[in-house]
Every structure is written in C-alpha cells, then in structure tokens.
Amino acid sequence: MSIQYSLIEDAFDYASFGFYGQSEAYINIDNDEIILYRESDPENCHLPEDIEDDKFVKIPHKRDLNLGSSLPKRFARMYPAIEPEIAAIFKKAGAYQNFRQLLAREDLVIAWREFDKSEQSKALV
C-alpha cells in the first residue's frame, strides 16, 4: 500500500465528521482507492457490494482512537490552572461549545489545534 498520508488524514476527517457512524471511509488496499460513504446521502455515496472483503480497510472514527472527549481532558493536564474548569465543562451538555469559548478566553485556540493535530497524527500511524 503506497497511499499518501494526507489522503488517509482526509479520509479520517471524513469518517469523523458528525455523529459516530454517520460517515464512513475505506481504503481499497489493492488499488489505494478511498471510498467515502455518508449515511445521510446514500444516493451519491455507494459502498461496493464486497465492502466486507479483506481488501477494504475501514478508517476509524476519532472516537475509536480515543480522540473524543478524553482529548480535551488530556490537553487540560498541560494547563493545571484551567484543568478543573475543563473537567467541569465536560460533565454538562454543550461541552465543546463551552470548551471552545474557554480556549478563546484563555488564548489557547492555536495550542489546542496543534495538540489536536499532533494527537490525531500519533493515533493514525
């Protein structure tokens, strides 16, 4: 398999879009083709009939790689002054919106994006 890493990243982003299971991505290891499927668009997204064959590798969702709500908590460990606030945020509804507001308030948006990207890359390789 000689597929470019950037294409795997793009497929991972696609598979992780929306709620868990709404989008899927596969790599055909015979020809490096990436197959994308979105539950909400079955007319334009078709899975091959032999998708269960060993030649197709399913790209995981970010939750499958422990990149869901535990990731902000791991990020918080680097900033002990706000760690309790982040922990509290993720115990309530609207966590990600509140987390993004906290990042903006604390001027940590760029640090978060870099951390998120780094952890995603580690998980994919």
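**Note on aromatic contacts and pockets**

1. Arg 63 lies over the face of Tyr 20, at 4.6 Å from the ring centre, where a charge is taken to sit over a ring if NZ of Lys or CZ of Arg is within 6 Å of the ring centre and within 35 degrees of the ring normal. The model is a predicted one, in which local features need pLDDT of at least 70 and side-chain atom pairs count only at pLDDT 80 or more, while totals for chains, interfaces and linings use all residues. Residues are numbered from 1 along each chain as its sequence is written, and side-chain values use heavy atoms, with hydrogens and water left out.

2. A search of the whole structure yields 8 aromatic pairs, a pair being rings of Phe, Tyr and Trp (its six-membered ring) whose centres lie within 6.5 Å, with planes under 30 degrees apart called stacked, over 60 edge-to-face and the rest tilted. One of them joins Phe 75 and Phe 99 edge-to-face, at 6.5 Å centre to centre and 90 degrees between the planes. Because Phe 75 belongs to helix α2 (residues 70-76) and Phe 99 to helix α4 (residues 95-105), this pair ties together parts that are 24 residues apart in sequence; helices here are DSSP runs (H or I, at least four residues), numbered from the N terminus. Both Phe 75 and Phe 99 are buried, a term that stands for under 20% relative accessible area, with exposed meaning over 50% and partly exposed in between (1.4 Å probe, protein chains only).

3. Phe 90 and Tyr 96 also pair edge-to-face, at 5.2 Å centre to centre and 85 degrees between the planes. Phe 90 counts as buried at 14% relative accessibility, whereas Tyr 96 is partly exposed at 34%. Ring pairs link these four residues with Tyr 79, Trp 112 and Phe 115 into a cluster.

4. The largest pocket has a volume of about 460 Å³, and of its 19 lining residues the closest to the centre are Lys 62, Tyr 96, Trp 112, Asp 116 and Gln 120. A pocket is an open set of points on a 1 Å grid where a 1.4 Å probe fits, with protein on both sides within 12 Å along at least five of seven lines, and lining residues have an atom within 4 Å of a point; a volume is the space filled by probe spheres set on the points. Helix α5 (109-124) gives the most to this lining, with 6 residues.

5. The second largest pocket holds about 220 Å³ of space, and its lining includes Tyr 20 and Arg 63, together with Lys 62 and Tyr 96.

Technical notes: Helix = DSSP H or I, 4+ residues; strand = E, 2+ residues; numbered from the N terminus.
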